[in-house]
Amino acid sequence: MKKSTISKQALIDVARHIVFTDGLDALSIRRVAKDADVSVGSVYNYFESKNDLTIEVINEFWDKVMIGDLGKLNHYNRYTTMLKESFVKASYHARIYHSIFIGYYRTISEDDRKRTIETHHRNLKAIEDIFRQALDADVYQNSSIWNDNFTREKFNAFVVRNFLESLRHGDEDIDFLLELISHTLYK
């Protein structure tokens, strides 16, 4: 007999397991219901479509894996050290999950694309905040470099975008970016 109730998080967990073991193409409302041992209607109570479910899986990936891991790396006294360690962790996750999600972004509707862009902006802000905390905590930086045009906020945003581009392109390291930052902050 099927379960009569299930939480939204439990369904996301089942969906995540399906995506990471069998791939995104294996994800469907029916498959989630079958694997969770609930009716299809129970899944539709929380998710209107496969796209809604997929977006939740992607959001969880960012919240728990990427942002969660990066947030744990805030104990360094040099911005560059935190960036290097963050890149190692983020590269690991990007290599594992990149192929799963890249196909999804190519096939989603315009409305869903707008929703993922909003999520992307939220995630970008969270990463910028984590990196900014590390920049503010860097006791070795030359604080005289900052002015009205060259601010910590703009510098940090520049670093985050280059960091993420390096991940997106599958770069092995960010040594050039780290060198550029070192020349800027510490000389």
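A salt bridge is a side-chain nitrogen of Lys or Arg within 4 Å of a carboxyl oxygen of Asp or Glu. With that in hand, let us walk through this predicted model, where the count comes to 11 salt bridges.

A good place to start is the pair formed by Glu-128 and Arg-161, whose side chains meet with N and O 2.9 Å apart. Glu-128 belongs to helix α6 (residues 110–137) and Arg-161 to helix α7 (residues 152–168), so this bridge ties together parts that are 33 residues apart in sequence. How exposed or buried are the two partners? Glu-128 counts as buried because its relative accessibility is 17%, and the cut-off for buried is under 20%. Arg-161, at 42%, counts as partly exposed.

Staying with these helices, look next at Arg-132 and Glu-153, which form a salt bridge of 2.7 Å from N to O. Here too the partners sit in helix α6 and helix α7, so the pair connects parts 21 residues apart in sequence. Glu-153 is partly exposed, with a relative accessible area of 47%. This pair also has company: through salt bridges with shared partners, Arg-132, Asp-136, Arg-152 and Glu-153 are joined into one network.

Now turn to another part of the chain, where Glu-56 forms a salt bridge with Lys-8, their closest N and O atoms lying 3.9 Å apart. This pair links distant parts of the chain, 48 residues apart: Glu-56 is in helix α4 (residues 50–71) and Lys-8 in helix α1 (residues 8–22). Glu-56 counts as partly exposed at 25% relative accessibility, and Lys-8 is partly exposed at 34%.

Conventions: Residues numbered from 1 in each chain as written. Predicted model: local features only at pLDDT ≥ 70, side-chain atom pairs only at ≥ 80, totals over all residues. Heavy atoms only, no water. Helix = DSSP H or I, 4+ residues; strand = E, 2+ residues; numbered from the N terminus. Buried < 20%, exposed > 50% of the residue type's maximum accessible area, 1.4 Å probe, protein only.
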